[in-house]
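Here are some questions and answers on how terms are applied to this structure. Each answer sets a value against a definition and concludes from there.

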Amino acid sequence: MRTPLTRRNFLQATTRAAVTASLIGPGVLGGRAQPAQSTTKMIGLQVGSISFVDEGTDKVLEILQEKAGVNTIFLTTFTYGRGLGGRQIPGQPFPDHGSKESDQQTFHGGNFATPHPEFYRNTVLKETRAPDHGGLDIVAEVLPAARKRKLKLFCSIEDVFRSDAPGVKEVAEVDLQGRRAGTLCLFHPDVRAFWTGLATDLCKSYDIDGILFFNERNGPLLNALGASHAQNIASSRVTCFCEHHQKAARAVGISFERARDGYTKLDKFIQAALKGQRPTDGYFVEFWRILAEFPEIMAWDRLFDEGKHQVLAEVNAAVKSVRKDLQVGFHIEHVNSFNPIFRATRRYDELAQKADFLKVVVYNNCGGERYAHFITNVGSTVFRDVPKDELLRFNNHLLNYENEAGLNDLATAGLSADYVARETRRAVDGVQGKCRILPGIDIGIPTSRNSRKASGEDTYAATKAALTSGADGIIFSRKYSEMQLENLAAAGRAVREVRG
């Protein structure tokens with residue numbers, strides 16, 4: 001159990017972490033969930049509704065079983081995003097199956113199952129039914145076919161909303177300038193009620209095996225500094241400073257005014273750094289001074305993270321209230337691989353207390369490009385005085401990476417199968433047997449034109465590295481509509497070799 005959150009706790013924790021605050025990550029709340037006992041490795045694959053519409057339900061399931069050895073379907077059930085939903089994104093080659101027509105202009109997203117109104121009485125987010133496929137209920141469509149093939153089925157739900165979705169403006173985050181964002185405020189009671197209502201609805205209305213919850217949103221400090229693999233630095237659009245965050249801050253003795261003033265000063269520092277306007281004592285020293293003057297910056301960041309992980313704990317509790325044997329998993333975002341202080345605060349043993357399994361992202365093909373973006377971002381602000389290739393080498397030592405490519409070649413080379421093995425072992429060791437580890441394996445995740453693309457050899461090596469490094473299974477990612485059949489077959493070859 002965590003120590004109760006007080007102003008002293010916040011300020012003590014933020015002071016200790018100030019030296020590396022540019023790389024901070026979330027804490028965790030919640031009670032312990034019992035790990036599932038299984039002797040069979042879970043071989044999962046993420047797939048959206050469009051693939052079943054385009055290719056036919058039975059055909060898709062047959063391909064996944066025969067080529068990739070899949071025994072578990074992670075069906076994208078709720079998302080407004082193109083990462084888990086829709087066909088291949090524009091600018092990327094279509095795979096050798098499915099429709100070759102882009103749905104960029106027609107994809108809408110939302111709930112691809114049937115929302116039952118009684119579960120959404122306490123939220124304004126009521127009208128979320130996806131219009132993409134008319135009256136089709138994708139869970140009702142796929143579940144019977146999956147059961148005939150003895151496949152397990154999980155509903156994937158993702159914290160990605162359209163800014164124009166009904167109700168979003170009423171519960172959206174507020175930035176430094178008082179503007180509404182398209183992301184939801186995790187302290188808003190209607191948002192909390194939506195996620196628990198959705199999880200309860202899916203688990204009560206369908207005979208599924210559980211839920212996989214995606215929430216890749218980072219706190220305000222990471223967003224301000226761009227200290228992730230995202231390609232933008234958004235110090236002027238930091239969120240959230242709404243009334244619900246203010247109320248949560250007051251409850252633990254954090255000054256809203258001081259936090260807002262601190263992030264305003266941090267914004268000025270970041271914008272000057274991006275223009276190459278070097279402070280007299282250098283970028284890192286100036287950054288540290290701002291944190292020393294405004295410890296509320298760190299406190300506000302941790303407050304956001306506590307809100308995020310309260311939501312995860314509540315989703316877990318909602319699922320377990322329906323049936324104890326239903327399984328709950330959480331997606332652990334890719335920044336966990338690149339950011340050493342994010343690692344320190346994202347404790348696997350704490351996450352394991354509220355999950356039956358963790359999907360730990362170890363995407364090696366797109367990982368090179370993403371890692372390079374991370375180094376470029378932090379090397380453009382807080383660590384601007386450090387040559388970026390030296391910053392990469394130093395960070396590799398902190399991450400326990402060996403033999404990865406240099407910065408100039410990193411995007412083209414990607415990350416190695418050794419990276420997959422090391423991150424898998426780290427996660428397995430970290431949860432201390434309290435939950436299962438299912439590494440997310442990159443099969444065809446889009447990258448830039450000159451960056452590494454998935455191949456059969458790469459996919460085979462990454463799959464085998466994860467399965468032979470202690471993982472309880474794997475989840476092929478991001479979505480079937482991006483994957484080449486050749487790569488699926490290579491993944492299946494590794495699965496069958498490990499099974500023996």
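## Terms and the values behind them

Q: Where is Thr381 found?
A: Thr381 sits in the loop between H15 and H16. The model is a predicted one.

Q: Why is Thr381 called buried?
A: Buried means under 20% relative accessible area. Thr381 has a relative accessibility of 0%, so Thr381 counts as buried.

Q: What is in contact with Thr381, leaving aside its neighbours within four places in sequence?
A: Contact means heavy atoms within 4.5 Å. Once neighbours within four places in sequence are set aside, Thr381 is in contact with Leu225, Ile233, Ile270, Ala273, Leu274 and Tyr283.

Q: How do you know that the span of H15 agrees with its number of residues?
A: H15 has 12 residues, and at 1.5 Å a residue they should span 16 Å. The end C-alpha atoms of H15 are 17 Å apart, which agrees.

Q: What makes H15 largely enclosed by the rest of the structure?
A: Of the 12 residues of H15, 10 are buried, so H15 is largely enclosed. The buried ones are Gly367, Gly368, Glu369, Arg370, Tyr371, Ala372, Phe374, Ile375, Asn377 and Val378. Their cover includes helix H7 (220-225), helix H12 (335-338), H16 and helix H17 (407-413).

Q: How are the axes of H15 and H16 placed, and what is the hand of their crossing?
A: Two packed helices are described by the angle between their axes and the distance between the axes. For helix H15 (residues 367-378) and helix H16 (residues 388-399), the axes come within 10 Å and cross at roughly 115°. The crossing of H15 and H16 is right-handed.

Q: Which residues of H15 and H16 meet, and how do they divide?
A: From H15, Tyr371, Phe374, Ile375, Thr376 and Val378 take part; from H16, they meet Lys388, Leu391, Leu392, Asn395, Asn396 and Leu399. The residues of this contact divide into 7 nonpolar, 3 polar and 1 charged.

Q: What makes strand S4 largely enclosed?
A: In strand S4 (residues 152-158), 6 of the 7 residues are buried, so S4 is largely enclosed by the rest of the structure.

Q: How do you know that S4 pairs with S2 and with S7?
A: Two strands pair if at least two bridges are found between them. Strand S2 (residues 72-79) and S4 have 6 bridges, in the parallel sense. One bridge partner is Lys152 in S4, for Thr72. S4 and strand S7 (residues 210-214) have 5 bridges, again in the parallel sense. Cys155 stands opposite Ile211 in S7. Both counts satisfy the definition, so the strands are called paired.

Q: How do you know that S9 pairs with S8 and with S10?
A: At least two bridges are needed. Strand S8 (residues 327-332) and S9 pair in the parallel sense over 4 bridges, and S9 and S10 do so over 2 bridges. Val360 in S9 is the bridge partner of Ile332, while Ile437 in S10 is the bridge partner of Leu358.

Q: Which way do the residues of strand S9 point?
A: In strand S9 (residues 357-360), Phe357 and Lys359 point one way and Leu358 and Val360 the other way, and all are buried.

Q: Why is Ile475 called buried?
A: Ile475, found in strand S12 (residues 473-477), has a relative accessible area of 0%. Buried means under 20%, so the term applies. Leaving aside neighbours within four places in sequence, its contacts include Phe74, Leu212 and Lys359.

Q: Why are Asn403 and Gln432 called exposed?
A: Exposed means over 50% relative accessible area. Asn403 has 76%, so Asn403 is exposed. Gln432 has 52%, so Gln432 counts as exposed.

Q: What phi values do Asn403 and Gln432 have?
A: Most residues other than glycine have a negative phi, and most peptide bonds are trans. Asn403 is not a glycine, yet has a positive phi of about 60°. Gln432, also a residue other than glycine, has a phi near 55°.

Q: Which peptide bonds are cis, and what is omega there?
A: Among them is the bond that joins Thr239 and Cys240, where omega is about 10°. The bond from Ser477 to Arg478 is cis too, with omega near 5°.

Conventions: Residues are numbered from 1 along each chain as its sequence is written. This is a predicted model: local features need pLDDT of at least 70, side-chain atom pairs count only at pLDDT 80 or more; totals for chains, interfaces and linings use all residues. Side-chain values use heavy atoms; hydrogens and water are left out. Axes are lines fitted to C-alpha atoms, for helices over the stretch in contact, and angles run from 0 to 180 degrees between N-to-C directions. A crossing is left-handed if the near helix is turned anticlockwise from the far one by less than a right angle, and right-handed if clockwise. Ala, Val, Leu, Ile, Met, Phe, Trp, Tyr, Cys and Pro count as nonpolar, Asp, Glu, Lys and Arg as charged, and the others, Gly among them, as polar. The expected span of a helix is 1.5 Å times one less than its number of residues. Buried means under 20% relative accessible area, exposed over 50%, partly exposed in between (1.4 Å probe, protein chains only).
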